[in-house]
Each structure stands twice: as structure tokens, then as C-alpha cells.
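Here are my notes on the model you asked me to look over. Have it open while you read, and go point by point.

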Amino acid sequence: MVAFDLLIACFALVSPQGKHVVGRRHVVTSLAGALTASSLTGSALPASAVVKVDASKVKTTKSGVKYVVVKEGACPTADPTGMAGSCFPQQGSFAIVDYTGFLPSGEVFDTTEKKGGKPLVFKLGSNQVIVGIEDCVNQMLPGEEIQALVPSALAYGEKGVLTGSGEYLISPNTNLKYFIRLKKVAILPS
């Protein structure tokens, strides 16, 4: 079954006109890396852009990000009430997350998996990530996993994202889908 899913993923990276959205070498090395990593670590394959969602479970942040909780989170056993600041994200605390960003085509444009599996660490309220991600993380508990649809205005808006060669990695006014896992919340000791 895994081989079939990987084959479908390869076809998803080719446009309807038969033009490659990403290079063949990139697809082969990405899939080979994912298979190797999953077989060595026993972990699941990377996040997928295609997830069936129960419409009744869709939540919306105050700013307009739509998301679904895929896996529930909980306060750490060392801080079950959140009094030590390791449970509920708040302005000034640090969030440690794994994420994968998907274009509307399903193509991954950024992921912590490509960065050696190192999670992203950012300070809430410091404009270190797009507004849509911060809005979602502010509502999550450690261990929680979500799929989110971030409107373009809360992502890269009218500017989009250009590569070094001047091509758009993310076109202007593009809504983005994210898989986000909140690993931990931390505050600096006073």
C-alpha cells in the first residue's frame, strides 16, 4: 500500500499538461529519503496534503484560519495545570513545532523534515512566522497536530515568495495548507 501511495504522490507532482512541477531528481531523492527515514526510525511517512476532513470538526481562528485537529494534545504531566507556562501558548513564550507547508497543488514548499528533522522554534508575538501559523499555534496544546488552511492575507499576501532566480515559489494571493505539530511550549525563567 505504501508503494501505491508513493506512486500517487509522484503523479501529483506533474502538471495536467505533463510538465514537471518539480524535477525528477528532487522527487526521487525526497521519496527515497522519506522511505529510508521511515524505515530507520519506524516513524510515519511525511505529512500529506490529502487528508479527509469531517466538515463538522472544522474550527476557525478569530483571524480566519480554518483548521482541523488531527491529533489531540495535552498539558505535560510535569505541568498539568499550565501554571509553569509549558501548556498554553501565550505572547512571549517559545513554541517548538514541526510543520509542512503545501501549495494548492499539494506540492510541499517547506517543511521541517527537509531541515534534518529539526523543529522550528519561534517566540510568539515577535512576527517570526506568518500570522496564520501563529494564530493556530496560539490555540494548540503540546502534542496536538492540525491541518490548517491559511488564507493568503495571513500568509504571504499580494507579494508571494520569490526564489533567488526570480521565479515564484508561492504566487501572490495564494491560500496555503499546513500540517502543524506543536511539540512543546517554553517560557524563559524570570
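The points below run from the overall layout to the hairpin, the disulfide and the core.

1. First, a reminder that this is a predicted model. The protein has three helices and nine strands. Going along the sequence, the order is α-α-β-β-β-β-β-α-β-β-β-β, with two helices ahead of a run of five strands, then a helix and four more strands.

2. On burial, 34% of the 190 residues count as buried. The accessible surface is about 11600 Å², and carbon and sulfur atoms account for 59% of that. As for contacts, take those between residues at least 6 apart in sequence: 63% of them join residues at least 24 apart.

3. Have a look at the hairpin made by E3 and E4, which has five residues between the two strands. Strand E3 covers residues 94-102 and strand E4 covers 108-111, and they pair in the antiparallel sense over three bridges. One bridge to look up is Phe102 with Val108, the latter in E4. In the turn, Gly106 has a positive phi of about 100°.

4. The count of disulfides comes to one. The bond joins Cys75 to Cys87, with the sulfurs 1.7 Å apart. Both cysteines sit in the loop between E2 (66-71) and E3, 12 residues apart. Which hand does the disulfide have? The torsion about the S-S bond of Cys75 and Cys87 is about -65°, so the disulfide is left-handed.

5. How exposed are the two partners? Cys75 is partly exposed, at 22% relative accessibility, while Cys87 is buried, with a relative accessible area of 0%. The cut-off for buried is under 20%, so Cys75 at 22% falls in the partly exposed class. If you're going through cysteines, add Cys136 to your list: it counts as buried at 1% relative accessibility.

6. Now the largest nonpolar core, which has 27 residues. Phe122, Ile133, Val137, Ile146, Tyr178 and Ile180 touch the most other members. At least two residues each come from E2, E3, helix H3 (131-137), strand E6 (145-150) and strand E9 (176-186). E9 gives the most, with five residues.

7. Val137 is a good place to centre your view. Leaving out residues up to four places away in sequence, Val137 touches Pro89, Ala95, Val97, Phe122, Leu124, Ile180 and Leu182. Two of these contacts, Phe122 and Ile180, are also on the list of core residues that touch the most other members.

Note on methods: Residues are numbered from 1 along each chain as its sequence is written. This is a predicted model: local features need pLDDT of at least 70, side-chain atom pairs count only at pLDDT 80 or more; totals for chains, interfaces and linings use all residues. Side-chain values use heavy atoms; hydrogens and water are left out. Buried means under 20% relative accessible area, exposed over 50%, partly exposed in between (1.4 Å probe, protein chains only). Contact means heavy atoms within 4.5 Å. Accessible areas come from the Shrake-Rupley method with a 1.4 Å probe; for residues, only the protein chains shown count as cover. Two strands pair if DSSP finds at least two bridges between them. A disulfide is a pair of cysteine sulfur atoms within 2.5 Å. A nonpolar core is a set of buried Ala, Val, Leu, Ile, Met, Phe, Trp, Tyr and Cys residues joined through side-chain atoms within 4.5 Å.
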